[in-house]
Amino acid sequence: MATNGPINPSSRFDYIVVGSGAAGAIVASRLSEDPNHRVLLLEAGGRDWNPLIHLPVGFTKLTTPDVNWGFMTVPQPQLNNREMWYPQGRCLGGSTSINAMIYIRGQHQDYDRWAELGNNDWSYEKVLPFFRRAEHNERLNDRYHSSAGAMNVTEQVAHNELSKAFVRAAQELGVPFTHDFNGEKQHGVGYYDVTQRNAQRESTATAYLRPVEMTL
């Protein structure tokens, strides 16, 4: 059972998860799959009630303290010692509630390099099942993708005319078109898939917390 709302001081929990972002929301959801577990998920921010969170175009406006920690990096020597804006989500769903919703995995070679360095469980073949388990892909269901996961992944509803022109120009220069940056071959030009459902943002809050949340 997952819990939501005021906490009774006498309440007891089997697990307490701190942070409801990309990791915390999933951990809390998985733990709550056992009906004998009482799970408390703590989040420093508030609920994801801001309508701009759920409208894909609204992500450019999600910069206020109620949903964004507003961090800055330390001065960067390679950037003339400038500090860089480093937004991080401060609400249910964490940064998955304020990001640009681009769904893309790391390069195969990066994971395999980690394995070569001694992190054996981080090879691409070892992490691929976890990518698939998390994904509910609307158009792909194969060795690299699944339609049975919680996080909805889909094509963009529409493409900007400048984006279309860029993709065509790259192909004219010999860059191959790819319909799937998360499949067998990641090299090429094309359009990102996005974490959206029914033209609204899909965050870890909507994908993992909504189906299991209950009130004490």
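**Reading helix H5, a buried threonine and a core**

Author: In this predicted model, helix H5 runs over residues 161-172, and its 12 residues reach 17 Å from the first C-alpha to the last, close to the 16 Å expected at 1.5 Å a residue.

Reader: Which residue caps the N-terminal end of H5, and what follows the helix?

Author: The N-terminal cap of H5 is Asn160, which places a side-chain oxygen 2.7 Å from the backbone nitrogen of Leu162. After H5 comes Gly174, with a positive phi near 100 degrees.

Reader: Where does Thr178 lie, and is Thr178 buried or exposed?

Author: Buried means under 20% relative accessible area. Thr178, in the loop between H5 and strand E8 (193-194), has a relative accessible area of 8%, and therefore counts as buried. A polar atom of the Thr178 side chain lies 3.3 Å from the backbone nitrogen of Asp180, and, leaving aside residues up to four places away in sequence, Thr178 touches Lys185, His187, Gly188, Val189 and Gly190.

Reader: How do strands E1 and E2 pair, and what is the hand of the crossover between them?

Author: Strand E1 (residues 15-18) pairs with E2 in the parallel sense over four bridges, and Val39 in E2 is the bridge partner of Tyr15. Between E1 and E2 the chain passes through H1, making a right-handed β-α-β crossover.

Reader: Which residues form the largest nonpolar core?

Author: That core has eight residues, namely Val17, Ala25, Ala28, Val39, Leu41, Leu92, Ala205 and Leu209; helix H1 (24-31), strand E2 (39-42) and helix H6 (204-209) each supply at least two of them. Not counting residues up to four places away in sequence, Val17 has contacts that include Ala28, Leu31, Val39 and Leu41.

Terms used:
Residues numbered from 1 in each chain as written. Predicted model: local features only at pLDDT ≥ 70, side-chain atom pairs only at ≥ 80, totals over all residues. Heavy atoms only, no water. Core = buried A, V, L, I, M, F, W, Y, C linked by side-chain atoms within 4.5 Å. Buried < 20%, exposed > 50% of the residue type's maximum accessible area, 1.4 Å probe, protein only. Helix = DSSP H or I, 4+ residues; strand = E, 2+ residues; numbered from the N terminus. Contact = heavy atoms within 4.5 Å. Pairing = 2+ DSSP bridges. Right-handed = clockwise from strand over helix to strand, strands pointing away. Expected span 1.5 Å × (residues − 1). Polar contact = N/O pair within 3.5 Å; in protein donor to acceptor, adjacent residues only side chain to side chain.
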